Every structure is written in C-alpha cells, then in structure tokens.
Amino acid sequence: MPSSYFTSIEEREKIFCTELVKYGVEYEKAVIAAKIIASGQGDELLSPSEIKIVKDACKKWSEQNQRLKRLKAVVNQI
C-alpha cells in the first residue's frame with residue numbers, strides 16, 4: 001500500500017538528530033550529521049570532513065544500538 005505521508009527535510013533532520021543523540025553521539029556532531037543525512041546528498045557532493053562526521057556518527061549510533069540490543073537480550077533471559 002503506497003503511503004502518501006510526506007516528511008519534510010527539517011522533520012527528517014530532527015528525527016535523525018534525536019536518534020543520534022539518543023545513542024550517544026555528541027549533540028554538535030549529531031546536528032551536522034543529521035543535516036547531511038536528511039539532505040540525501042551523495043558522497044561525491046560532500047567534503048571529506050562531512051563524510052567523516054557522518055561515518056563517525058553512524059558508527060557510534062550502530063555500536064550503541066547493538067549494545068542496547070545485547071543488553072535487552074540478557075535482561076530478557078533473567
């Protein structure tokens with residue numbers, strides 16, 4: 001079923017930023033990374049420093065997300 005729901009770039013930025021901060025990415029880095037991710041620009045349009053910020057933020061998010069999943073699994077076994 002196709003969705004007619006539209007999310008603006010600003011809304012996507014807020015969602016991405018919230019998720020990044022929630023999982024331990026420092027706020028300033030999360031804001032920059034969220035703006036870049038929400039824009040949808042390809043790597044070829046980004047500077048090396050922008051690519052590094054996004055990669056670092058996403059890596060931190062992924063590590064913390066996996067950690068949380070492992071902790072929940074342990075707690076559920078108790």
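Helix α3 holds 30 residues and stretches 44 Å from its first C-alpha to its last, close to the 44 Å expected at 1.5 Å a residue. The model examined here is a predicted one. In α3, the residues that count as buried are Ile51, Val54, Ala57 and Asn65. The cover over these buried residues includes α1 and α2. The general geometry of helices is a helpful companion to such a list: an α-helix has 3.6 residues a turn, so residues three or four places apart point the same way.

With that helix in view, the rest of the fold is easy to follow. The protein has 3 helices and 0 strands, and from the N terminus on its elements run α-α-α. Helix α1 covers residues 9-22 and α3 covers residues 48-77, while α2 takes up residues 27-39.

Helix α2 comes next in this account. It has 13 residues and spans 18 Å from first C-alpha to last, close to the 18 Å expected at 1.5 Å a residue. Which residues of α2 are buried? They are Ala30, Ala33, Ala34, Ile36 and Ala38. The buried residues of α2 pack against α1 and α3, and α2 in turn is part of what covers the buried residues of α3. Just after α2 comes glycine 40, whose phi is positive, at about 75 degrees.

Lysine 35 also belongs to helix α2. Is this residue buried or exposed? Lysine 35 falls between the two and counts as partly exposed, because its relative accessibility is 47% and the partly exposed class lies between 20% and 50%. Along the chain, lysine 35 and arginine 12 are 23 residues apart, yet their C-alpha atoms are separated by 8.4 Å.

Helix α1 offers a similar example in glutamate 11. Glutamate 11 has a relative accessible area of 36%, so this residue is partly exposed. Its C-alpha atom is 11 Å from that of serine 39, a residue 28 places away along the chain.

The loop between α2 and α3 contains glutamate 44. This residue is exposed because its relative accessible area is 67%, and exposed means over 50%. How far apart are the C-alpha atoms of glutamate 44 and serine 62? The separation is 23 Å, for two residues that are 18 apart along the chain.

Turning to the protein as a whole, the C-alpha atoms fill a box of roughly 50 × 40 × 20 Å along the principal axes. The radius of gyration is 15 Å, whereas a compact globule of 78 residues would have one near 12 Å. Of the 78 residues, 22% count as buried. Contacts that bridge distant parts of the chain can be described too: among contacts between residues at least 6 apart in sequence, 45% join residues at least 24 apart.

The surface and its charges complete the picture. About 6,100 Å² of the protein is exposed, and carbon and sulfur atoms supply 58% of that area. The side chains include 13 positive and 11 negative ones. The centres of these two sets lie 9 Å apart.

Key
Residues numbered from 1 in each chain as written. Predicted model: local features only at pLDDT ≥ 70, side-chain atom pairs only at ≥ 80, totals over all residues. Heavy atoms only, no water. Helix = DSSP H or I, 4+ residues; strand = E, 2+ residues; numbered from the N terminus. Rg over C-alpha atoms; globule rule 2.2 N^0.38 Å. Buried < 20%, exposed > 50% of the residue type's maximum accessible area, 1.4 Å probe, protein only. Contact = heavy atoms within 4.5 Å. Areas by Shrake-Rupley, 256 points an atom, 1.4 Å probe, with all protein chains shown as cover. Lys, Arg positive; Asp, Glu negative; His and termini not counted. Charge placed at Lys NZ, Arg CZ, Asp CG, Glu CD. Expected span 1.5 Å × (residues − 1).
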